[in-house]
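Reader: I'd like to learn how to read a model like this one. Can you walk me through it?

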Amino acid sequence: MISLILLNGGVGARARTAGPKQFVKINGVPIVVYSLKAADEVAEITEIVLNFPPGHRDTLEALVRDYAIQTPVKYADAGQTRQQSVALLLDQVTNDDVLLHESARPIVTADDFRTLINSDHANVGFMREISFTVAPVDPDTSRVTGSLERSRLRNVQLPQKFNLDDLRRGHEFASASGTHYTEDATMCADAGIDVFFVEGSEHNLKVTTPGDVNLATMLLRREGDENV
Amino acid sequence: MSKTALITGASKGIGLETAHRLAASDLDITTVILMARQSDDFDANYAALEAEVGDGVTLVRSIVDVGDRDALIVAIGELYEAHGTIHYLVNNAGYTNPVPIHQVDFADFERTMAVNVYAPFTLVQELLHLGNRFDVIVNIASTAGINGRSGWLTYSASKAAVINMSEVMRDELKIYGTRVVCLSPGRTATALRRVLAPEEDPSTIMQPQHVAQVIETMLGPTGQYVDQQNVIVRQ
């Protein structure tokens, strides 16, 4: 039995949408529904803990009801940062292991969750090779400061799976060291916890811009065609 | 795996013929629910079907006027509780009272929309809210929904709505792997056709069993290759 933490509290600053990006529609369906529906198909997921943008709990509860999500859903307030949001969500978890996902990644499948659940590793997430070169720079002086070896870098995707105690330790480490992390796998790795990756999919798009909405719509329509 | 099929307008015509075919099909259907208003035809035709079906198939009768939304919602809840998942839904019930625009009684227009549009919508939405996962939904539209025809304003408008509603359902329900089929039969020898064209000799046009045969095909594996748009069935 495992809990799904679904990050859903961002306010859509980058997507430049009229409302919170969780309610952006992909192919006419609110984006958060895709993750909820995929999780609902996985028997091992016995609870979903999700947060909501301020003032939007009712909207989210209505979606959970209208789409007949059978898995019990708990709600948590969104934090000021992603890291703080995860910490608030962790307080609601009752299982020893958690899956971590974000609603801005609608092209997730039940099999993606199962791949992580079935992994022998306690802490594991989807990552993807990067097809471009990344340079370390000093943004203040616009100076390139060295080089990075592409083959030893990965694009961090979601979902991820963590042992709850390990993830809590990762967050304690981040708080104690005063370091701000934008995701949890590297946070836990910095805390000295073993974290592994499995190969992700190039389709695992994070919807952050209006162009991404169009791209995700196209990808989901095509996947739907293939599935039926 | 045993499947359940629900057919509306099942007391006669295309709905009844569809029930006959599905009760004898190789689609693993073990429960066939016939939904229609109370009528002598329904009594007689249901009894005849009961006498005909094999041991492996359970017939269920749901007596409700699908145009009565409140009653329909109650019936759907009871059926879902008693029989569980509806895998195949055939939205076949239809109503028409063809008159020119000058003579359209608004209440009758509302009745047409209630039976032809709001009933299939309500069946699908209520079942989704209950957590039902459909394999295939077949919405019966009409060629009269593709091209409007003088004297058939209310019927043509309602069937055009069914065609477009089906396209939206097809897109939105893809996330469940549900196929949504929209069938538009042309002239078919049904009671409804007799209202639309009372002078016509029914033996000269397409028969309900022909449409039922296409419905069965669309529900089965072959259907997935031809369900991407409104499917026209005509002689």
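Author: We'll take the chain contact, then one helix, then two single residues. This is a predicted model, where local features need pLDDT of at least 70, side-chain atom pairs count only at pLDDT 80 or more, and totals for chains, interfaces and linings use all residues. Residues are numbered from 1 along each chain as its sequence is written, while chains are lettered from A and ligands numbered from 1 in the order in which they are written.

Reader: How many residues does each chain put into the contact?

Author: Two residues are in contact if their C-beta atoms, placed from the backbone, lie within 7 Å. Here chain A gives 11 residues and chain B gives 11 residues. On the chain A side, α1 (31-40) and α7 (210-227) each supply at least two of them. Helices (H or I, at least four residues) and strands (E, at least two) are DSSP runs, numbered from the N terminus.

Reader: What should helix α5 of chain A span?

Author: The expected span is 1.5 Å times one less than the number of residues. For the 14 residues of α5 (residues 164-177) of chain A that comes to 20 Å, and the end C-alpha atoms are 20 Å apart, so the two agree.

Reader: Which residues of α5(A) are buried?

Author: Count C-beta atoms, placed from the backbone: a residue is buried with 20 or more others within 10 Å of its own, exposed with 12 or fewer, and partly exposed in between. In α5(A), the buried ones are A:Leu167, A:Gly170, A:His171 and A:Ala174. They sit on the same side of α5(A) because they cover an arc of only 95° around the axis, the arc being that of the directions from the helix axis to the C-beta atoms. On the other side, A:Asp165, A:Glu172, A:Ala176 and A:Ser177 are exposed.

Reader: What covers the buried residues of α5(A)?

Author: The cover includes α3 (82-90), β6 (97-102), β10 (154-163) and α6 (184-190) of chain A. Just after α5(A), A:Gly178 has a positive phi of about 70°.

Reader: Now a single residue: is B:Val162 buried or exposed?

Author: B:Val162, in helix α5 (residues 153-172) of chain B, is buried, because 23 other C-beta atoms lie within 10 Å. Leaving aside neighbours within four places in sequence, its contacts include B:Asn116, B:Pro120 and B:Cys182.

Reader: And which residues does B:His129 touch?

Author: Not counting residues up to four places away in sequence, B:His129 touches A:Asp66 and A:Ala68. B:His129 belongs to helix α4 (residues 106-129) of chain B and is partly exposed, with 16 other C-beta atoms within 10 Å.
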